[in-house]
Amino acid sequence: MGGVAIVFFGPPGSGKGTQASRLAQKMQLPQISTGDLLRYHVGAGTEIGKIAKPIMESGNLVPDELVTQMLRERLKQDDAICGALFDGYPRTTAQARSLDALLAETGKSVLVVLHVDVPDEAIVDRLAKRAQIEGRADDTPETIRARLRVYREKTAPVAGYYEAQGLLVTIDGDRTIDEVFSEVDSVVYQRLVQPAPA
Ligand code: ADP
């Protein structure tokens, strides 16, 4: 018996992490955020962390192989046996292919990709606020702009990869957390009942 993999997709600051965390709680599945995993590695000073730190501070993407290696380790943990919610991953088409391969190893596949869509103006605003609250090293105005650029160039094309498989659902993320979540919840429920044809 396989398990459920749900991908949250969207620009930095779209609120995908917040939505993923609520759904994770409701579905009792782990939320796997590559950003959080990388920040853990940076904090712990691991080999991965040493490579990732300057790249993250510049707003660029950490190399795919490193992210895939980290993901493979994470998916081996017991809590991911029945599946997981992915937040901030995959960020490139190569990562999307690796995710399919990693999931297939344990008989899982992507159920749905929730694209949380928010206009750029709203994002810059939200990230500037988050910078004040959380003080994350990569929330400076220059890095925010760099991350949005990287998102458009490298990550946005991932939508096409999933769209072609009938897995992409776009959700208007420019609403309250509760409003967005009620749509996330109903889309996931629908897909659980009636998955996209393979
Ligand atoms: P945000 O969604 O706000 O950009 P994240 O916490 O998801 O923040 O990511 C922060 C940084 O970590 C990214 O700018 C990037 O450098 C790195 N990162 C996170 N996930 C990935 C990934 N899947 N592939 C490559 N780099 C990643």
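Reader: Strand β4, residues 109-117: mostly covered or mostly open?
Author: Mostly covered. In this predicted model, 7 of the 9 residues of β4 are buried.

Reader: Which strand is joined to β4 by 6 bridges?
Author: That's β1, residues 4-9, and the two strands run parallel. As one of the pairings, F8 has L114 in β4 as its bridge partner.

Reader: And how many bridges join β4 to β5?
Author: There are 5, again with the strands parallel. β5 covers residues 168-172, and T170 in β5 is the bridge partner of H115.

Reader: OK, zooming out. What's the order of elements from the N terminus?
Author: The chain goes β-α-β-α-α-α-β-α-β-α-α-α-β-α. In total that comes to 9 helices and 5 strands.

Reader: How much of the whole chain is buried?
Author: 45% of the 198 residues count as buried. As for the surface, the chain exposes about 10100 Å², with carbon and sulfur atoms supplying 53% of that.

Reader: What does the radius of gyration agree with?
Author: A compact globule: one with 198 residues would have a radius near 16 Å, and this chain has 16 Å. The C-alpha atoms fill a box of roughly 45 × 40 × 30 Å along the principal axes.

Reader: What about contacts, how many join residues at least 24 apart?
Author: 75%, counting contacts between residues at least 6 apart in sequence.

Reader: Last one, charges. How many positive and negative side chains?
Author: 23 positive and 27 negative, and the centres of the two sets lie 2 Å apart.

Notes
Residues numbered from 1 in each chain as written. Predicted model: local features only at pLDDT ≥ 70, side-chain atom pairs only at ≥ 80, totals over all residues. Heavy atoms only, no water. Helix = DSSP H or I, 4+ residues; strand = E, 2+ residues; numbered from the N terminus. Rg over C-alpha atoms; globule rule 2.2 N^0.38 Å. Buried < 20%, exposed > 50% of the residue type's maximum accessible area, 1.4 Å probe, protein only. Contact = heavy atoms within 4.5 Å. Areas by Shrake-Rupley, 256 points an atom, 1.4 Å probe, with all protein chains shown as cover. Lys, Arg positive; Asp, Glu negative; His and termini not counted. Charge placed at Lys NZ, Arg CZ, Asp CG, Glu CD. Pairing = 2+ DSSP bridges.
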